[in-house]
Amino acid sequence: MPNTARWAATLTLTATAVCGPLTGSALAAPEPAASGLYAPSALVLTMGHGESAAAVTPERAVTLTCAPKASGTHPAPLGACAELRSSGGDLDALAGRAGVMCSKQYDPVVVTVQGVWQGKRVAYERTFANECLKDSAASVLYAF
């Protein structure tokens, strides 16, 4: 019987060594792939003359990506992304250029911003009385 006891102990230890890793957390579903370190920030900006975005054909459009680095077809992506970051992504809170003199001519310009800013959906539309007011509303973001 001592050989039988040794045989049973060896078989038990072997089974534990081979099958042990297959129990518990090893059988759990694999962890989802780690997402990027940056929340997505990709925007499309359009500009056209008219009263509202619904009635305007865009005359110009640019793309702006701010994470992980500033890029896109915007003429100054670094400055535009910095301007957005400084306002916390609040397009209504953009600091305009001080001391800009604009005429009172009424030639409405509509700017739209669509996309994602730091992982949150953005759908923004703003109508300016004329292009001078649009350009003074944000020093870099709307200058395209």
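**Note on side-chain links and the nonpolar core**

1. Cys66 and Cys81 are joined in a disulfide, with 2.0 Å between their sulfur atoms. The model under review is a predicted one. The link of Cys66 and Cys81 is left-handed, at -90° about the S-S bond. Cys66 belongs to the loop between β2 (60-65) and α2 (77-86), and Cys81 to helix α2, so the disulfide ties together parts that are 15 residues apart in sequence. Both Cys66 and Cys81 are buried.

2. The count of disulfides comes to two. The other bond listed here is that of Cys102 and Cys132, whose sulfur atoms also lie 2.0 Å apart. This link of Cys102 and Cys132 is left-handed, with -75° about the S-S bond. The pair links distant parts of the chain, 30 residues apart: Cys102 is in the loop between α2 and β3 (109-117), and Cys132 is in helix α3. Cys102 is partly exposed, because its relative accessible area is 25%, and Cys132 is partly exposed at 29%. With the bonded cysteines numbered in sequence order, the pairing reads 1-2, 3-4.

3. Two salt bridges are found in a search of the whole structure. In one of them, the side chains of Arg60 and Glu131 meet at 3.0 Å, N to O. This salt bridge links distant parts of the chain, with Arg60 in strand β2 and Glu131 in helix α3, 71 residues apart. Arg60 counts as partly exposed, at 32% relative accessibility; Glu131 is also partly exposed, at 26%.

4. Lys134 takes part in a salt bridge with Asp135, their side chains meeting at 2.9 Å, N to O. The charged end of Lys134 also sits over the ring of Phe144, 5.6 Å from its centre. Despite its charge, Lys134 counts as buried, because its relative accessibility is 1% and the cut-off for buried is under 20%. Asp135, at 26% relative accessibility, counts as partly exposed.

5. The count of aromatic pairs comes to one. Phe128 and Tyr142 form this pair in an edge-to-face arrangement, 5.7 Å centre to centre and with 65° between the planes. The pair links distant parts of the chain, 14 residues apart: Phe128 lies in strand β4 (residues 120-128), and Tyr142 in the segment after α3 (131-137). Phe128 is counted as buried because its relative accessibility is 5%. Tyr142 is likewise buried, with a relative accessibility of 0%.

6. The largest nonpolar core holds 23 residues, and Leu45, Leu64, Leu91, Leu141 and Tyr142 touch the most other members. Two or more residues come from each of β1 (42-49), β2, α2, β3 and β4. Strand β3 gives the largest share, four residues. Tyr142 thus appears both in the aromatic pair with Phe128 and among the core residues that touch the most other members.

7. Which residues does Leu91 touch, not counting those up to four places away in sequence? The contacts of Leu91 are Leu84, Val113, Val122, Tyr124, Leu141 and Tyr142. Leu141 and Tyr142 are, like Leu91, among the core residues with the most other members in touch.

Key:
Residues numbered from 1 in each chain as written. Predicted model: local features only at pLDDT ≥ 70, side-chain atom pairs only at ≥ 80, totals over all residues. Heavy atoms only, no water. Phe/Tyr/Trp six-rings, centres within 6.5 Å; stacked < 30°, edge-to-face > 60°. Buried < 20%, exposed > 50% of the residue type's maximum accessible area, 1.4 Å probe, protein only. Lys NZ or Arg CZ within 6 Å of the ring centre and 35° of its normal. Disulfide = S-S within 2.5 Å. Core = buried A, V, L, I, M, F, W, Y, C linked by side-chain atoms within 4.5 Å. Contact = heavy atoms within 4.5 Å. Salt bridge = Lys/Arg side-chain N within 4 Å of Asp/Glu carboxyl O.
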